[in-house]
Amino acid sequence: MKKELLDILCCPRCKGKFSLRTDAMESDEIKEGALSCCGNTYKIINFIPRFINTDKYVSSFSFEWRLHKRTQLDSANINTDMAGQSRKDFEKRVDFRLSELKGKWVLDAGCGMGRFSEIAVKEGANLVAVDLSFAVDMAYENIGAAKNAHFIQADLFNLPLRENSFDFVYSFGVLHHTPDCSAAFDSIAKLVKPSGKLAIFVYSSYNKGIVYSSAFWRLFTTMMPKRLLYILSYISVPLYYFYRIPVAGNIAKMLFVIPMWKDSRWRVLDTFDWYSPKYQSKHTHWEVSDWFKKNGFKNAQIYEGEITMSAQKG
Ligand SMILES: C[S@@+](CC[C@H](N)C(=O)[O-])C[C@H]1O[C@@H](n2cnc3c(N)ncnc32)[C@H](O)[C@@H]1O
Ligand SMILES: [Zn+2]
């Protein structure tokens, strides 16, 4: 943990400042130690302050991001079919140039292995990456060396972060994996400064074929041992070619969804990512726009396709 993170951290109970104990330092960072307040102590283990004891309902993500620590990282996809894909996704979800993040406090809420964090860090943001799963350790391995990258393992519903303190908060593909998507939204919306921005992407509920077929398959897949499901996810390698056949492919795609990435590693990863998580809710633009309004945001930008929306606070 870098000491600068203390500026933005606060006790999740009383919102007061933590007292810090340092047990081991390495390359100017706290490797082992503890943060205390209100009679609670949160350990810093392997450079990351830990505000949870288990990875609760996100163990599928701990599993998936350990196996695919670098699959979707732009810096690991130079000169491949997927070159720059994470940056493209990031850019299309916001209404400003990413270079404007320089020097700003930015939160990646549900960072996974840090593919979007990597981009914000390269743009010079003071980036805080948070995840409930042990993916946060993968994110640390990927980008922790950067001086402006900070990490915490915590639950979005109980964040140890000061309210109204971030210039920009984004959460891509995360809120729908919590037990209450709207409450998770409220929790991160509080952290945005007045005039700051928030951008989210959640799954869409418009395509009923996909909604119902996924709900059916997930009855079984969410109960399976992760290893077995991961092996079964390799079905997406040949299915991709079948799904490209006109008509038959389109019908089959509806009955059993797989992501249609060109790169087979991305397909395997995202097939597992679709069928394994315990929670997976789907939403409409109206719902999402109401969440923004309720939390005092205006000028919501709606982007086509997936439910992606961004807006300014106040
Ligand atoms: C599909 S992954 C997306 C990761 C990253 N945003 C990306 O697009 O690559 C969803 C992530 O949300 C995290 N997550 C789910 N519920 C969470 C919660 N309550 N608090 C923090 N992170 C959570 C999971 O652990 C997982 O890493
Ligand atoms: Zn306290």
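**Ligand 1: polar contacts**

I began with the polar atoms of ligand 1 in this predicted model. A nitrogen atom of ligand 1 sits 3.2 Å from a polar backbone atom of L132. I then looked up S133. An N or O atom in the S133 side chain is 3.3 Å from an oxygen atom of ligand 1. Next I checked F172. There the partner is a backbone N or O atom, 2.9 Å from a nitrogen atom of ligand 1. So that I could call these polar contacts, I held each pair to the cut-off of 3.5 Å between N or O atoms.

**Ligand 1: cover**

How much of ligand 1 does the protein bury? I found 97% of the 590 Å² that ligand 1 exposes when taken alone. I also asked which elements give two or more residues to the shell. They are α1, residues 59-67, and α3, residues 115-122.

**Ligand 1: the shell**

I listed 21 residues around ligand 1. The nearest are Y57, G110, D131, D155 and F172. F172 is thus on this list and also supplies the 2.9 Å backbone contact. I sorted the shell by residue type. I got 11 nonpolar residues, six polar ones and four charged ones.

**Domains**

I moved on to the division of the chain. Domain 1 takes in 54-204 and 282-313. Domain 2 covers 208-275. I took the domain centres over C-alpha atoms and found them 24 Å apart.

**Between the domains**

How many residues of each domain are in contact with the other? I noted 20 from domain 1 and 15 from domain 2. The two domains bury about 1,700 Å² between them. Carbon and sulfur atoms hold 68% of that area. I then asked which three residues of domain 1 supply the most of its buried area. They are F63, H68 and M82, with 31% of what domain 1 buries against domain 2.

Methods. Residues are numbered from 1 along each chain as its sequence is written. Chains are lettered from A and ligands numbered from 1 in the order in which they are written. This is a predicted model: local features need pLDDT of at least 70, side-chain atom pairs count only at pLDDT 80 or more; totals for chains, interfaces and linings use all residues. Side-chain values use heavy atoms; hydrogens and water are left out. A residue is near a molecule or strand if one of its heavy atoms lies within 4 Å of it. A polar contact is a pair of N or O atoms within 3.5 Å; within protein, one must be able to donate a hydrogen and the other to accept it, and residues adjacent in sequence count only if both atoms are side-chain atoms. Accessible areas come from the Shrake-Rupley method with a 1.4 Å probe; for residues, only the protein chains shown count as cover. Helices (H or I, at least four residues) and strands (E, at least two) are DSSP runs, numbered from the N terminus. Ala, Val, Leu, Ile, Met, Phe, Trp, Tyr, Cys and Pro count as nonpolar, Asp, Glu, Lys and Arg as charged, and the others, Gly among them, as polar. Domain bounds come from an automatic or database domain assignment. Contact means heavy atoms within 4.5 Å. Buried area is the accessible area (1.4 Å probe) that two parts lose on being put together, summed over both.
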